[in-house]
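Student: Could we go through this structure together? I would like to learn how each label is justified.

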Amino acid sequence: MPDVSLKILFRFYSDILDAETTETLTAEVVEPESGYFKLTSHSFYAPRIALGDIVWAEYNVDDAMLVYRKTVTHSGSSTIHAIILNEECDLDSILAVFELSGCITARLNDKYFVISVPAFIDYTPVKRRLDELESERIIDYAESCLADNHQYKNIPFQ
């Protein structure tokens, strides 16, 4: 059976936009009879969603597409949303730093990007680099979906 990419509509409240909003993500079928799908695209806005999560979605006639209902299995990956504050900085160079750490990145435009931290990556050096860039006023970021294995509650950061 060939891989088929489907679109799933996510509805959520955006603190950034201060409004109800939507985002459409791509996914592949995992269990068609159960309505389970694996996310194959990055979320640029939706919170608590990560690349590789298995979600339950149902077809909605009014929207004429699949609509997200809940996350069934978390992938263990984390999602970081970030924005460039210093326009003199090269976004490609910043993305390369995270990609060399094993992260997957995607840009929405020249200022806004997302970092997916796979489950097997140690989040400590990634977090330190994010904090450095933030303290230098190069970026601002939000840990939109921080997986259990990437929690840093007991790690001292400076």
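Tutor: Gladly! Let's start with one pair: arginine 11 has threonine 22 in E2 as its bridge partner. Keep in mind that this is a predicted model.

Student: What makes strand E1 and E2 a pair?

Tutor: Two strands pair if at least two bridges are found between them. E1 (residues 5–14) and E2 are joined by 10 bridges, in the antiparallel sense, so the label "paired" applies.

Student: How do you know that E2 and E3 pair, and in which sense?

Tutor: Use the test again: at least two bridges are needed. Strand E2 (residues 19–31) and strand E3 (residues 36–39) have 4 bridges, and their sense is antiparallel. One example is alanine 27, whose bridge partner in E3 is leucine 39.

Student: What makes E1 and E5 a pair?

Tutor: The cut-off is at least two bridges, and 2 bridges join E1 to strand E5 (residues 65–73). They therefore count as paired, and these two strands run parallel. Here leucine 9 has valine 67 in E5 as its bridge partner.

Student: In what order do the strands close into a barrel, and what is the pairing called?

Tutor: The 5 strands close in the order E1-E2-E3-E4-E5, and the pairing is mixed. On average, neighbouring strands of this sheet are turned by 55 degrees against each other, ignoring direction.

Student: Why is asparagine 60 called buried or exposed?

Tutor: Buried means under 20% relative accessible area. Asparagine 60 has 19% relative accessibility, so it counts as buried. This residue sits in strand E4 (residues 54–60).

Student: What does asparagine 60 touch beyond its sequence neighbours?

Tutor: Leaving out residues up to four places away in sequence, asparagine 60 touches Met65, Val67 and Arg69. The side chain of asparagine 60 also reaches the backbone nitrogen of aspartate 62 at 2.8 Å.

Student: And why is aspartate 131 called buried or exposed?

Tutor: Set its value against the cut-off of under 20%: aspartate 131 has 17% relative accessibility, so it counts as buried. You will find aspartate 131 in helix H2.

Student: What makes the link between the side chains of aspartate 131 and tyrosine 141 a polar contact?

Tutor: A suitable pair of N or O atoms must lie within 3.5 Å. The distance for these two side chains is 2.4 Å, so the polar contact meets that limit.

Student: How do you know which residues line one face of helix H1?

Tutor: Begin with the buried residues of H1 (residues 91–100), which are Leu91, Ile94, Leu95 and Phe98. Viewed down the axis of H1, they fall within an arc of 95 degrees, so they line one face of the helix. There is a general background to this: an α-helix has 3.6 residues a turn, so residues three or four places apart point the same way.

Student: What do those buried residues of H1 pack against?

Tutor: Their partners are strands E6 (78–84), E7 (104–107), E8 (112–117) and E9 (139–145), together with helix H2 (123–135).

Student: Which residues have the most contacts inside the largest nonpolar core?

Tutor: They are Phe113, Leu130 and Ile139, in a core of 20 residues. The elements giving two or more residues to this core are E6, H1, E8, H2 and E9. A second, separate core of 12 residues includes Ile8, Leu39, Ala46 and Val55.

Student: What is leucine 130 in contact with?

Tutor: Setting aside neighbours within four places in sequence, leucine 130 is in contact with Ile80, Phe98, Ile115, Tyr123, Ile139 and Tyr141.

How values were computed:
Residues numbered from 1 in each chain as written. Predicted model: local features only at pLDDT ≥ 70, side-chain atom pairs only at ≥ 80, totals over all residues. Heavy atoms only, no water. Buried < 20%, exposed > 50% of the residue type's maximum accessible area, 1.4 Å probe, protein only. Contact = heavy atoms within 4.5 Å. Polar contact = N/O pair within 3.5 Å; in protein donor to acceptor, adjacent residues only side chain to side chain. Arc of directions from axis to C-beta. Axes fitted to C-alpha atoms, helices over the stretch in contact; angles between N-to-C directions. Core = buried A, V, L, I, M, F, W, Y, C linked by side-chain atoms within 4.5 Å.
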